[in-house]
Amino acid sequence: FLPQVDSTNAGRVLASDAAVFLKKSGLTDLVLGKIWDLADTDGKGILNKQEFFVALRLVACAQNGLDVSLSSLNLPVPPPRFTDTNSPLLLSGTASSDLPWAVKLEDKVKYDSIFDSLNPVNGLLSGDKVKPVLLNSKLPVDILGRVWELSDIDHDGMLDRDEFAVAMFLVYCALEKEPVPMSLPAALVPPSKRRPLSVPGAMPLIPSSTKESHQSLPPVGILAAKTPLTQ
């Protein structure tokens, strides 16, 4: 990765170059900002080779659902993933509309039947109707909070049929011990939600957060059984 951002071969990476490159990870600005702060140990706005590798390692941690912290650096994670600006995984041009949806047709039928059984109103399910289904998975509340954040793509506090399928897909992934991503991969965005002309190299930024601030997020309020839902 280093030659892609160290064009002068000086063995260091400027903040501006790193920002463009790290953006291709699909992580939110909030997460990337935290990664930069941890990697840029002397606060000079430049990363040496070792600090750049720390940044890459933290990107891999975030993409695999681990905390963005120096304590995560020693944990085994797959290499970080970056999408090229010509990659079909990006939500730009016609490439993304051709990208197959990660939710398989047979699974979608199953998720749709669950959706219909929850009595949607005008094709939408409110948080209090989705909450029991999510809680029934017995997954940790912070994971369920992230599932809600990622699946409520239009941030209206409701899930339509496609958004509900995304939520179910993420829940089943988590139950299979697969990490819930920090931002929604392009392949998981329902075709009905894809915008043909978004910024190349950038996913729609979905608010994400570290566990410390999860308590203030609406999804936790929606999912906490003792908290009544208020629209």
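The accessible surface of the protein in this predicted model comes to about 11900 Å², and 59% of that area belongs to carbon and sulfur atoms. Of the 231 residues, 48% count as buried. Ten helices and four strands make up the secondary structure, and reading along the sequence gives the pattern α-β-α-α-β-α-α-α-β-α-α-β-α-α. The chain also meets itself over long stretches of sequence: among contacts between residues at least 6 apart, 63% join residues at least 24 apart.

A word on confidence helps before looking at details. The mean pLDDT of the protein is 75, with 72% of the residues at 70 or more. Two stretches call for care. Over residues 85–96 the pLDDT stays under 50, and the model has 26 contacts beyond four places in sequence for them. Residues 197–231 also have a pLDDT below 50, and 69 contacts beyond near neighbours in sequence are found for this stretch in the model. Where pLDDT is low, the predicted coordinates should not be read in detail.

Attention can now turn to the interior. The largest nonpolar core has 30 residues, and L134, F164 and L184 are those with the most contacts inside it. Helices α6, α7 (127–135), α8 and α9 (161–175) are the elements that give two or more residues to this core. Among these, α9 gives the most, with ten residues. A second core, separate from the largest one, has 21 residues, including L27, L47, A55 and L58.

Two of these names, A55 and L58, also appear among the buried residues of helix α4. This helix covers residues 49–63, and its 15 residues reach 21 Å from the first C-alpha to the last, close to the 21 Å expected at 1.5 Å a residue. How much of α4 is buried? Eleven of its 15 residues are, so the helix is largely enclosed by the rest of the structure. The buried set holds E51, F52, V54, A55, L56, L58, V59, A60, C61, A62 and Q63. Both ends of the helix have a feature worth finding in the structure. At the start of α4, the backbone nitrogen of Q50 has a side-chain oxygen of N48 within 3.1 Å. Just after the helix, G65 takes a positive phi of about 80°.

Helix α8, one of the contributors to the largest core, spans residues 141–151. Ten of its eleven residues are buried, so α8 is largely enclosed by the rest of the structure. Its buried residues are D142, I143, L144, G145, R146, V147, W148, E149, L150 and S151. L150 has a relative accessible area of 0% and so is buried. Its C-alpha atom is separated by 5.9 Å from that of L184, although the two residues are 34 apart along the chain. L184 is also one of the residues with the most contacts inside the largest core.

Helix α6 offers a closer look at a lysine. K108 sits in this helix, which runs over residues 105–117. Is K108 buried or exposed? With a relative accessible area of 12%, K108 is buried, because the cut-off for that label is under 20%. The side chains of K108 and D162 are joined by a polar contact of 3.4 Å. Leaving aside residues up to four places away in sequence, K108 touches W101, V103, R161, D162 and A165.

Finally, two loop residues stand out for their backbone angles. Most residues other than glycine have a negative phi. N122, however, has a positive phi near 55°. Where does N122 lie? Its place is in the loop between α6 and β3 (125–126). At 75% relative accessibility, N122 counts as exposed, because the cut-off for that label is over 50%. K177 is the other example, with a positive phi near 70°. This lysine lies in the loop between α9 and α10 (218–223). K177 is exposed as well, with a relative accessible area of 74%.

Conventions
Residues are numbered from 1 along each chain as its sequence is written. Side-chain values use heavy atoms; hydrogens and water are left out. pLDDT is the predictor's confidence in each residue, from 0 to 100. Contact means heavy atoms within 4.5 Å. The expected span of a helix is 1.5 Å times one less than its number of residues. Buried means under 20% relative accessible area, exposed over 50%, partly exposed in between (1.4 Å probe, protein chains only). A polar contact is a pair of N or O atoms within 3.5 Å; within protein, one must be able to donate a hydrogen and the other to accept it, and residues adjacent in sequence count only if both atoms are side-chain atoms. Accessible areas come from the Shrake-Rupley method with a 1.4 Å probe; for residues, only the protein chains shown count as cover. A nonpolar core is a set of buried Ala, Val, Leu, Ile, Met, Phe, Trp, Tyr and Cys residues joined through side-chain atoms within 4.5 Å.
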